[in-house]
Amino acid sequence: MSSILGLEPLPGRQSWEKSLGEFLEIVTAAYPDKAFVEIAGQEITYRQLMERCRKAAGMFRALGIGQGDRVCLFLPNVPEVLYTWFGLALIGGIAVTINTAYRRDEMAYILNNAEASALVAHESLVDVATQAADIAPCVRHRLLVGNAEVAGWQNYGQLLSNTAAISELPPVAPTDISMLQYTSGTTGNPKGVQVTHQMYVSAGQGFALWTQATPEDRFFTCLPYFHANAQYYSTMGTLASGASLVVQDRFSASRFWEQVRDARATVVNFIGMMMPVLAKNDPQPDDRDNTVRLFYGSPAFSPEFLSEFEERFGTDIIVGFGMTETCYGTIEAIRGERRPNSSGQPRQHPDPSFDNTVRIVDDAGNAVPNGTPGEITIRNPATMAGYWRNETETNASLRDGWLFTGDLGWLDDDNYLYFVDRKKDVIRRRGENISSQEVEDVIKRHENVLDCAIIAVPSELGEDEVKAYVTPRPGETVRPEDVIYWCADNLAYFKVPRYIEVRDELPRTPSLRVRKDMLRQEREDLIAGCFDREEAGIQIRR
């Protein structure tokens, strides 16, 4: 615990109640000349990071941007993400990351909703950025990262070089907003999660504790910076432990282990399908030839999957439950007790006065007994300040000091959390509730299946039927009948999908999550041309 940086409280505050500027000054003083990050072919020390962030702060201030002003970032994983994010934080500005897969209208919505004063974009994305900025009159300044010269855009690097760094940091409160992190918008327009300075600081301090990090660690991420995971855990966890971070721009199953070995990585963050994809690569003689001591991510996997992965690659894995709206949910302990399909217990902060509580409630908001499924609610100091200019959604999610997550789960008697499903993804079939994730987990265990997604489709009997989208492993073939029989052997009869659609790939976010909203909207008749087990005459034993 003593090696975690920034735990000494400032006068009149708790240990996590710091602005990002205050926190960066502390960690820079501890390890000024150590490499903080390797990103886009550059190595940047802690001192260089702070110097360039101070210059970025001066650059934005010279453009007339200050306390509370929003600046959008449309960038791949490049150093300018860090300079902009932290530079704005030093002067109380607010960064707004935008998914680099967004097109004109998607991006323009965020520019206008955030009322962004400036847009920082990469030269590889300038066409879409220009189109979006042209229909966002709030954008007064366009800054381009790269060497291209584009009409109407100022060169970010030149401005940074020609600007004096700010010498003194203005007062910024720990509860001020540092980032608007827009959600994926699968149930409507994206919502801007207001992330405070102390959320980032507490996330870093907590992650250093949960991963047992030391200054000798080398964190590795291939997740995008517009994703909260790379911000909360990889970046802030590295800072809080005085470690080093290696950033790749995207996940590549074929190059992953080469990148990890080259990085000499010791702690790796993952999300979504990364782990199953890596596990289904053909075994290699050098699978254990790596320096990784720990993988961290979500969702929870079966104990069999985790033990096989750990044995094959010679590493530990811990999983957790969290979300953009709070960086504190639940987590497993390294080499601690593992309960099947659990996401662990409520995350703890190094400071015991930081209280994180997880509670399960019914539709009326009342706590339910252990073992009873309901909505997961969380209360702690590292919870969002609300959704940007969206009072309706804020009031629905933040009630009486609790964050209502929209996720279903249950707790056992020892406070281990078991995730069931997103509320909107639960399927109701003939009087029974079905977790789409549970069915997906079973299908993914089939040796020829790479990935799958489960959605509800209309039933002629009312309520829902279950449809599975299945993608085969490269070089393998998946027969719908085999998927049906596999499910019948591993699931209750009412959970076995009726419809199967085999396809080469599924629509995804850049963070590799399946876009179920796109699957639901692909066409009016979602069962046309699908394999139908009832038409095929396959009987499922009850």
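Two strands count as paired if DSSP finds at least two bridges between them. Keep that rule at hand for these exercises on a predicted model.

**Exercise 1. Find the strands that pair with β6, and say in which sense they run.**

Step 1: Start with strand β5, residues 118-122. Five bridges join β5 to β6, and the two run parallel. To place one of these contacts, look at Ala118: its bridge partner in β6 is His141.

Step 2: Move on to strand β7, residues 154-155. Two bridges link β7 with β6, again in the parallel sense. Here Leu144 stands opposite Asn155 of β7.

Step 3: Trace how the chain gets from β5 to β6. Together with helix α5 (residues 126-134), these strands form a right-handed β-α-β unit.

**Exercise 2. Decide whether β6 is enclosed or open, taking its two faces in turn.**

Step 1: Recall that a buried residue has under 20% relative accessible area.

Step 2: Check one side of β6, where His141, Leu143 and Val145 are buried. On the other side, Arg142 and Leu144 are buried too.

Step 3: Conclude. Five of the five residues in β6 (141-145) are buried, so the strand is largely enclosed by the rest of the structure.

**Exercise 3. Describe the largest cavity and the residues around it.**

Step 1: Search the whole structure, which yields one cavity of 30 Å³ or more. The volume of the largest cavity is about 40 Å³.

Step 2: List its lining: Leu73, Leu75, Val81, Thr97, Ile98, Tyr225 and Phe226.

Step 3: Sort these residues by character. Six are nonpolar, one is polar and none is charged.

Definitions and conventions
Residues are numbered from 1 along each chain as its sequence is written. This is a predicted model: local features need pLDDT of at least 70, side-chain atom pairs count only at pLDDT 80 or more; totals for chains, interfaces and linings use all residues. Side-chain values use heavy atoms; hydrogens and water are left out. Buried means under 20% relative accessible area, exposed over 50%, partly exposed in between (1.4 Å probe, protein chains only). Helices (H or I, at least four residues) and strands (E, at least two) are DSSP runs, numbered from the N terminus. A crossover is right-handed if, with the strands pointing away from the viewer, the path from the first strand over the helix to the second runs clockwise. On a 1 Å grid over the protein atoms alone, a cavity is a set of points where a 1.4 Å probe fits but cannot get out, and a pocket is an open set with protein on both sides within 12 Å along at least five of seven lines; lining residues have an atom within 4 Å of a point. Grid points are joined across faces, edges and corners, and a volume is the space filled by probe spheres set on the points. Ala, Val, Leu, Ile, Met, Phe, Trp, Tyr, Cys and Pro count as nonpolar, Asp, Glu, Lys and Arg as charged, and the others, Gly among them, as polar.
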